[in-house]
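Student: Got a few minutes to go through a structure with me? I have some quick questions.
Tutor: Sure, here it is.
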Amino acid sequence: MAQIIEMPKLSDTMTVGTLVKWLKKEGDVITAGTMLAEVETDKATMELECFYDGTLLKIFAPAGTQLAIGAPLCAVGKPGENVEAPAGKPASPAAAKEEPKKDAPKSESAPAPAKAPESVPQPETKPAAAAHSAPARADGERVKISPLAKKLAAEKGIDPSRVTGSGPGGRIVRADVLAAEKSGSAKAGSAKPAATGAPSTPFTGGAVSRTGPIQEERAVPVSNMRAVIAKRMVESTTTIPYIYVDIEIDAEPLLAVRQQLNTGLEKEGVKLSVNDFVLKACAEALRRVPAVNSSWEGNQIRYFGAAHVAFAVALDDGLITPVVKDAHQKSVFQISIEAKALGKKAKDKKLAPAEYTGGTFCVSNLGMMGIPKFTAIINPPNSAILAVGAAVAKPVIKNGQIVSGQTMTVTLSGDHRVFDGAVGAQFLNALKTLIESPALLLV
C-alpha cells in the first residue's frame, strides 16, 4: 500500500510550511533517507526526508505552495500502484484564502491539493504568454505571490506588481516571474514612467532617489517567519511586566585583549569578535547570578542548570536566535567557532530546530551596527535578554583625571515576575567585572 507523506511539523512554532522545491520527480526510485523536497518553515529552509523505500508515485502539491501541517505532499509505493487522492486532510491555507467558492473543483470530495500535475515543474510551466504583459496594479493593491516567486523576483529585479499571476486566485508563481524576465516588461525601476520625470525607485530598495518617493508603495504578504515574530513579540510585550536595567562598561580592556589574541591567532585564520566575549561573559555571569537564568511557568519558576546562550541574527525577512548550548562550559575560542558556524547556517536558513531552540538567555547586539544603546524584547520563555551597544570613544575619568576612553552600554530587559531590579543589577555588575577584566574569561 502506498505511503502518503504529509507536511511535517519541523519547528515548535510551525503551523504551515512552504514547499520550496521538489528534489525528486514522479517515477523516481526512492530509498529511506532520500531527500524529497525543500520546505520553508517559519525559521529555516529544511530538507524533507523520506522514510520509505519505493517509487515516488504521485506529487500532490506543486513547488511554491504553502500547506498546513498534515497536508498530503506525495505518495511513495510500488511501481504502477494506484494512488487514491487523500481525503480529509488539511488544505493549503493559502489556497483556501485565495480561492472563492466559485473556483472550487467540481469534485466536492477532492481535497484542495488533489489536482496534482503530471510532472514536477507543474503549474509553473503553464503560464500563458500574456502573463508577463500585465498592466500594473493600482497603488496599494495586494500582490499575491508565492514565497519562491517572491525570492526569484527580488533576485532578478522584477517588480511583482507588474506581473499577472497564473496561480490560484491570481497568485504569482515562479514561471510568471521567469516569463516577465524574458519579456523584460516588469523590470523594477522601469515599470511606471514617472509623471515628474524623476528616476523610479528600485523595487528592492537600498538606493534612494534624490527626487522621487522613498520607494514604490506596495503590499507584501507576511512570511511565515515574520508572522511568528509578530505573534511572539506581541505575546512578550503584552504578557510580561518588564524591568530595564543598564550599565556603562569600560570596553578598553576587552578591546585590547581581543586585538592581542587576534594578532596571535591570525595565522590560524581565527578572528574573535566582541560578541564572542560578550556571549562568554554572559554565560559566566549567569553562573554567578543564576536567578537570571530562568523562566516563568505560571505556577512555578524554572531555574536552569546550564547556560544555553542564544544570540540574535538578522535576516533579510526577520531574525532568528541560534543557541550556543552549554556556553558556561566552553572557552571564548569554542564559542567563537560555534557562533560563526551557527550564524552562517542561520543566514542560509539551514539551522536545524535543535540549533535554535532551548536557549535560556539571549543576547542582541546592535553595537556592531553602530547603535550606542537600546532595549530589546524578551524572547519567551526566557526571562531576560541583554541588549549590547557599540563601544564609543568618549572622555572618562581615571585616577581623578579626564582621559580618552571607550565605553559600552548594555541594557538588561527582565521579566519582573521572575526577578527584581536588584537581581538585574547584580547580573550587570557581574558582567561588568568580567568584561572589564577579560582575563577572567580566558581561564
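Tutor: We can take cysteines, cavities and aromatic pairs in turn. Keep in mind that this is a predicted model.

Student: How many disulfides are there?
Tutor: The count is zero.

Student: Where is the nearest cysteine sulfur to Cys74?
Tutor: That sulfur belongs to Cys50, 6.9 Å away. A disulfide needs the two sulfurs within 2.5 Å, so Cys74 is in no disulfide.

Student: And which cysteine sulfur is nearest to Cys362?
Tutor: That of Cys282, at 9.6 Å. Cys362 is in no disulfide either.

Student: Is Cys362 buried or exposed?
Tutor: Buried, because its relative accessibility is 2%. Cys74 also counts as buried, at 0%.

Student: Switching topic. How many cavities of 30 Å³ or more does the structure hold?
Tutor: Two. The second largest has a volume of about 40 Å³.

Student: What lines the second largest cavity?
Tutor: The lining includes Glu40, Asp42, Lys43, Asp317 and Lys349. Ser223, Asn224 and Met225 are also among the lining residues.

Student: How does that lining divide by residue type?
Tutor: Five are charged, three polar and two nonpolar.

Student: Now rings. How many aromatic pairs are there?
Tutor: Two. One of them joins Phe361 and Phe427. Their centres are 5.4 Å apart, with 50 degrees between the planes, and the pair is tilted.

Student: Which elements do those two sit in?
Tutor: Phe361 is in strand β16, and Phe427 is in helix α9. The pair therefore ties together parts 66 residues apart in sequence.

Student: Are the two rings' residues buried or exposed?
Tutor: Both Phe361 and Phe427 are buried.

Key
Residues numbered from 1 in each chain as written. Predicted model: local features only at pLDDT ≥ 70, side-chain atom pairs only at ≥ 80, totals over all residues. Heavy atoms only, no water. Buried < 20%, exposed > 50% of the residue type's maximum accessible area, 1.4 Å probe, protein only. 1 Å grid on protein atoms, 1.4 Å probe; cavity = no way out; pocket = protein on both sides within 12 Å on 5 of 7 lines; lining within 4 Å. Points joined across faces, edges and corners; volume = space filled by probe spheres on them. Nonpolar A, V, L, I, M, F, W, Y, C, P; charged D, E, K, R; others polar. Phe/Tyr/Trp six-rings, centres within 6.5 Å; stacked < 30°, edge-to-face > 60°. Helix = DSSP H or I, 4+ residues; strand = E, 2+ residues; numbered from the N terminus.
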